[in-house]
Every structure is written in structure tokens, then in C-alpha cells.
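Student: I would like to go through this structure with you, step by step. Where should we start?

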Amino acid sequence: MFMIKGVSKYLFGDTSQETIIEVPQGQLYLVRPLSPKGYSELIFRDAAASVRRTNQPFQYQLVVQRVYEEGEQELLAEGDDDDAVIESLNNAEKDQKIFLLDEGLHFRIEKREGGENVFAWRDLSGDQGDLFEFVCDKSVQRSTVASFQIVAVEAQYERKHRKSAQAATEAELEEFEFADEDPIPGTGSGFLPPREEEEDDMANVGVKRSAAATPQKSMAVVQKSPMTVAPPAAKHPAGREQLCSEQAELRMFDFESSSFILQEEQVHATVFETGNWEYWLQIAGAKRDWLGHAVVDDLNPVFNFEHLSFIFNHYASDGSVYSWLLRFSDQEALERFQHGIMQALWEHKNQMKWAKATDQDYIIEAFQDLEMADAPDEPEEEEDEEDEPAYQRQIEDYDDDEDQDVVETQMKGEGVNSQLAVGYKHDRSFVVRGGAIGVFKHTPDNHLEFQTNIAEVKGPKGKAFNPKKVMLHMEDSNMVLQNPNNANSLYRLDLETGKVVDEWKVHDDIPVTNFAPENKYAQMTNEQTLIGMSGNALYRIDPRLAGNKLVDSDLKQYATKNQFSAAATTEKGYIAVASDKGDIRMFDRLGINAKTLIPALGDPIIGVDVSADGRWILATTRTYLLLIDALQKEGKNQGKLGFEKSFGKDSKPQPRRLALSPAHTAQMAHETKGSKFNFTIAHFNAGVDASETTIVTSTGPFVITWSMKDLLRGTKDPYRIKRYGAEVMADNFRYGTDKNLLVALPNEVDMVRKKELMRPTRESIVGFVPGEGSPRTPARGAAKGRASYLRREIVDSPY
């Protein structure tokens, strides 16, 4: 087999080609030798198989797609208007199957007695023994089949070892031959016909099962994929006070099968204090210690009372991450264990005893799977994307020279992109990189067009600095800058000239730690004032004042160290102020006490946003978001916002803690080599007369959105993700829509359609998603498909 290794060097070496190798003709079957659901099912009667590159290094995908005869696809579309074409493109997803080329597939090739060459690989989302089989057409040359095999082997090698396979020895590559597997079972003669519709809960990896055919005798037994193995347990420290100890069933998340696998039916889970406000979770079985872990935020704890379960993450000593599940015998046992975990977390964060927490129930409930109030009664449906403007549905044809139209300008700024400011008035975005600022125009067809750059930000006295925070101001004609080396001043950058024209000295003794617009859409107007804050003060800044710019009559200064960290305003100018302690204050105006204080869960809040009408508050911590409903639903102030009237003593708004499931968190960390979560500041979509429908944030290379509709319904895992090849530094929505996202990577700026974000699955977490850099179901004989509709333009400049 490896005599043709030189061919793969030629194929892999041409990185300009997305498709490395293709077998143009064959049939795809799903074979179920052990299942009573039917022995064999024909998925695609006429198909092509290929190995493709992705935007992730050392990651490849096996793609099988239906191939239409020339003209067949157009007839099926029944129309050539834009809506029909879009519907055709969306429906095309059912005409392709995409698989991560991983050793877990046990991909192998066999030649049958009749002369057919067959590719086979495991259906990881199916039952034991289920296989996909691609039967090559007899016209396919044996040399093509052999080349396909070596490319698939080397792709698996590169994924496992994260390095090129060109230097791999034959012995190293033989690991991926799977010569010990049983013969590939035949497809049989009585296969089921292709289905009209397919339901794909695993992002095109699995297929909907049909119960129809009579089961036939098994031809082969295929062994299960190797399961994720638990790491050695860490040695636990000496314990002091025990907070809880319960018996439970222990399961661990298996990355290959994407399910929790039973490890032991009865273990003891204990939480105890180790001293200096440190706490430890220890899980031990009858014959071994399973794991020990400090009780900290990175546990990502989730309590599910429907299934009597506690799910959490475990970071091993080598940086790898695992997800575990404890299932308890009854609700009382889970409640006792929950109380112990939450007490340990709270005491660790606040350095004081749990008995002093006045809002224990509030804190505990924030970590449960809660249903939001006002959930709509209508049946669940897919998010409607057909209300996009016509230009967003436009189909464009791109020629080979298109990339030459992208403006490329090198910046003098050092470092990487760090901040993103989205224009409301003039459809521009601004990206901060060190001491430089790049300006990008949003085009009508949802691309980014580089316009200019401000090469070096300098103060009025000519001293350069790297802005710590930026905010657009006065109809997007100015930008307010914060100099990290001057805590008592802000600077005004004139965007027409690209120069800092004013230094606003706020106060001699009161610093500016953060600032916010006077109201949510103030940047669209000539409003000159803005909101400023220090660690324990909130005030108005008026640049028109002589001398210091702080308005004394609008100053509210606290004697205690409140550690204010972030603020946001509503359309009416109500103010939400968050702190490093984790609490949130709600003001209807400056200079007075807050109307409502939302208690802290203990984690520092790094950013806050608020809906235009003041109904929803969105706070960001390092490992989770908080979504808070500020509308009062009972009592004498029913119908009023917490900004306007105080909540009653026993009717505080209950926060919804938004976090990724521990299983998805572990899978992400597994793919990114143990990277810990660190959310960027989350935002609602924004637009005058537009409601907030979506939330966006990111962590590491993943952009994540939450649907408000799904959150209100209580949908399980109501988020979508997209993986990039580099860490996402900042993100936000394009003004006036939630359909387009702006993403700043270390050296690139991207505008991406929200529809490109996928359900979190093994494939989408790795970075393999349908349509990502690959054409959609081409017509046979056609030089080009219509995949240009899906194309995004990534601006790799001026950075």
C-alpha cells in the first residue's frame, strides 16, 4: 500500500486545492448487520467521495455527496428566483455527509470478489456494528482507490499526532490500516430506498434510522471505538470540615461516542475543606479513587433535577479536560450535595462563611437548569431567516481574480487585534491593534472593505499610547479613548483627521476605570455627555465644562469599596452597573442610590449589556453569562422595571446562568489542548426599533450565540458555535441586524453570517461544518456550482 506514498506527497503538498483527492462515482450505503431496523439502506444512488482540507491545521474531512446529472438539480429547484435558490442551497445539506477523518472511524478499503472497491467506516452515532459503505463504480481506476487510501491514512495520522505525515514511517502509518478488522459486510440485495428527508442530529455524521426491512443474519461483528479512559486520580490533601458526602452512580463523557459512559454504579462523592478557604471534591469507588479536584469555577457545575444529576468538568494535571456525571438516588441526596458544592464555591470566592450569605436560595437556583418566565406557548420552530434584506439573499458569481479586489495595507502597530467598536451611524467598524486603529466599511453584500488606518494614537502632547478602551461618540465622528497610563483623563479622537484633539481631565482625585454612553444609542446623536465610573463612584462627564469634566451634582460616591467594573445604559438612559464582586446595581438616574441591587454570585463581572427597553440585563463573567429579567411580575410595582422601582424583599429577579454544557466544554478543551474558558464581553444585537433576539460572545477560537427565543422556551443547549483557526479577540453584531457578526481575530477581521454557526457537535467543535469552505452538491459536468452564495470574505488587512 505504501509504495505510492510519493503520490500523497504531491497531493498534500498543493495546499491551494481544498479537495485533496476524489473518487467521482459510487454509491453510499448504511449497513446495519446487527440491527433489527433493517440490514442495508441506500443513502445516495449516485455519489462522489473526497478527502478535503479544512481551516484547521492537521484536520481533514471525509465527504460523500450526492451527484446530480446535469440539469437534474435545476429541475428539482422548480424555479430560479432568489428564494428558490436559497431554499435549494439550504436543502442541499441533506445531499452530503461529512465525517471527521479520525482513527475512531476505522476507515478501511477492501476489494470484493466481483471487482468492486469498497470504502467502509463506522457510524459513530449509530448502533454497534453499523457501517457506512461507499461502493466505488467499476470505472474507477485501482490507482485512484489506492491513492485515496493513503491520503486517508495520512490524514488520520496528522490529526492524531498534530504534525505532517510526510516524515512518517510505514510502521507508523500501518496503525491506521485496521488490518485486524473483520471483513467488510456486503450491502445485500434488498436495500432500503433513499429517503426523501433526513434528520441529522449529529451535524451530518449520523442519519435517521428507518424501521422497515426484515433483519438479516449478521455478517460481521464490529468492535466499539476505544472509549475515553479516566486519568489517574490526584492525591487528595488532608481534609478538615466535611461539607457533604453522598453515594451516587458515576459516569464519564466519552469523546468518541459523545455520551456519558458508566464507570461505577456506586461511589462516594465528598466535599471537604482543606484550609485557607480552599475546598476539595473527592470521588472514590469500592476499589479505586476516581478523581479529586479543587472546588473552583472551572468545575462548570450544572445541577439537573429532572435526571437527578450533577455534571462537572475535571482538569487533569497534564491539562486535559474530562466531563463527569454523578447520578443520585433521589432529589434529597442531590439537594444535600448541591448545598455542599455551592457552599464551598461561595466561601472560596468570598472568603467568608456561607452562613453570612443572605441570598442562599438565590445563589443555588442560579446554577440549576431553570426555565425562563414568559416562555412562549407556540410550538418550537426553526429560526426564520427569510426576513433578511434582499441584498443578503443575492447570489453572486466570483471569478478567479476576486481576491485581488481586497485592499491590503500593512499597519505599523505591534501586537494583535484587541478591541472592536461597531458604528451605528455610518456602517463602519473600528479595530484596535496596539496603538493603531483600522477602519472597515460594511458593504451592502455583507463583506468588510478596508478603508484606512490610524497608524499611531498620540495624545495632545505627542506621546503615543495603546488605548485601553474605546467608544464611538457624537454620530460616530469621534472616538473616546482611555489611556492606561493616565487614570484621570479621557481623550477625544477626531476620526476625520485621525488625531487626538482633546484631553478631558475628569477629576484630580477620582479616576476613570470605565465609561459608557449617556444612553444606548447616544453615539448616533450629537450627545456630548457620557457616564463615568471609578471603583466606588458613578458620575456624569461633560466635556463642555471648563476645567475638570466631572459634573458634581451627578456624582454618587460610596464609602465602601464596591469595585465597580462595567456599566451599560438603556434607550431612556437607565444605568446598570456591575462590579468585580459580582453584584449589579440598577439606577434610573445619576446622583442617587440604586433602585435595585442584584446580589452577587461571587464571580467578577467583566462586562454588562442591557436591552434598549431595560427589560433584560446581560452580564459576562470569565466562565458564564448571566441573563436577568428586570421586569417585576407581582406586588405593588408589577409591570415596572427594577430601574424604576425597587423589587420587593422576597421577589428579586432570578438570573439565568448561561454556560456551555460540561460535555461541550470538555470537548472544546480536548480539541484546544486544555484551554480554559475565558468569555469575551457578551452583547445583544442592537438597532433602533429592533428587539434583542440574540446574544454573542466567544471563548478561545469559538464564537457562540444564544437565541433569546430558545432561552425563553427552555430549549436544551440553546446555543450555536463556529470555530476559527485562531483565538477570537472581540465580537459583536453588525448594527441593525442579528444576521451578521463581526469577529476580530488576532490578525484578521471577519464578517460572518449567523446561519454559519452550528449546533455544538463533535464535528462542529473540531471545525468541520457543512458548507465551510466546500462547494454544495455540484451538477455533474458543471464547471462551477452555486456555492459562491455561501462565500465569506475575510479581511486579512491591514493586520
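**Confidence, strands and salt bridges**

Tutor: This is a predicted model. The mean pLDDT of the chain is 80, and 79% of its residues reach 70 or more. Residues 74–86 have pLDDT below 50, with 16 contacts in the model beyond near neighbours in sequence.

Student: How many contacts does the stretch 189–225 have beyond near neighbours in sequence?

Tutor: Confidence comes into this answer too. Over residues 189–225 the pLDDT is below 50. Beyond near neighbours in sequence, the model gives this stretch a contact count of 108.

Student: Take strand β6. How many of its residues are buried?

Tutor: Strand β6 spans residues 117–122. N117, F119 and W121 point one way, while V118, A120 and R122 point the other way. In a regular strand, side chains alternate between the two faces of the sheet. Both sets in β6 are buried, and the count is six of six.

Student: Which residue stands opposite V118 of β6?

Tutor: Look to strand β5, residues 108–111. β5 and β6 run antiparallel and are joined by four bridges. They form a hairpin with five residues between them, and G115 in the turn has a positive phi of about 100 degrees. The residue opposite V118 is E110.

Student: Which residue in β7 is the bridge partner of A120?

Tutor: Strand β7 covers residues 131–136. β7 pairs with β6 in the antiparallel sense, over five bridges. The partner of A120 is E133.

Student: Now the open sheet of four strands. Which are its edge strands?

Tutor: The order is β15-β16-β17-β18, with antiparallel pairing. An edge strand here pairs on one side only. The twist averages 25 degrees from one strand to the next. The edges are β15 (417–422) and β18 (448–454).

Student: Which residue in β18 is the bridge partner of V439?

Tutor: Start from strand β17, residues 436–442. β17 and β18 are antiparallel and share six bridges. V439 has as its partner T452.

Student: On to charges. How far apart are the closest N and O atoms of R540 and E518?

Tutor: Side chains of opposite charge can pair when their charged atoms come close. R540 and E518 meet in one of the 34 salt bridges found in the whole structure. R540 is in strand β25 (537–541) and E518 in the loop between β23 and β24, 22 residues apart. Both are buried, and the N to O distance is 2.5 Å.

Student: Why does K722 count as buried?

Tutor: K722, in strand β38 (719–723), forms a salt bridge with E756, with closest N and O atoms 3.8 Å apart. E756 lies 34 residues away, in the loop between β41 and α10, and counts as buried because its relative accessibility is 12%. Buried means under 20%. K722 counts as buried because its relative accessibility is 4%.

Student: And K458 with E456: is K458 buried or partly exposed?

Tutor: Their closest N and O atoms are 3.6 Å apart, and the two form a salt bridge. E456 is partly exposed, with a relative accessible area of 46%. Values between 20% and 50% count as partly exposed. K458 is at 38%, so the class is partly exposed.

Student: Which residues are linked with D102 in a network of salt bridges?

Tutor: Here the salt bridges form a network. Along with D102, the linked residues are R159, R162 and E671.

Technical notes
Residues are numbered from 1 along each chain as its sequence is written. Side-chain values use heavy atoms; hydrogens and water are left out. Buried means under 20% relative accessible area, exposed over 50%, partly exposed in between (1.4 Å probe, protein chains only). Helices (H or I, at least four residues) and strands (E, at least two) are DSSP runs, numbered from the N terminus. Two strands pair if DSSP finds at least two bridges between them. pLDDT is the predictor's confidence in each residue, from 0 to 100. Contact means heavy atoms within 4.5 Å. Axes are lines fitted to C-alpha atoms, for helices over the stretch in contact, and angles run from 0 to 180 degrees between N-to-C directions. A salt bridge is a side-chain nitrogen of Lys or Arg within 4 Å of a carboxyl oxygen of Asp or Glu.
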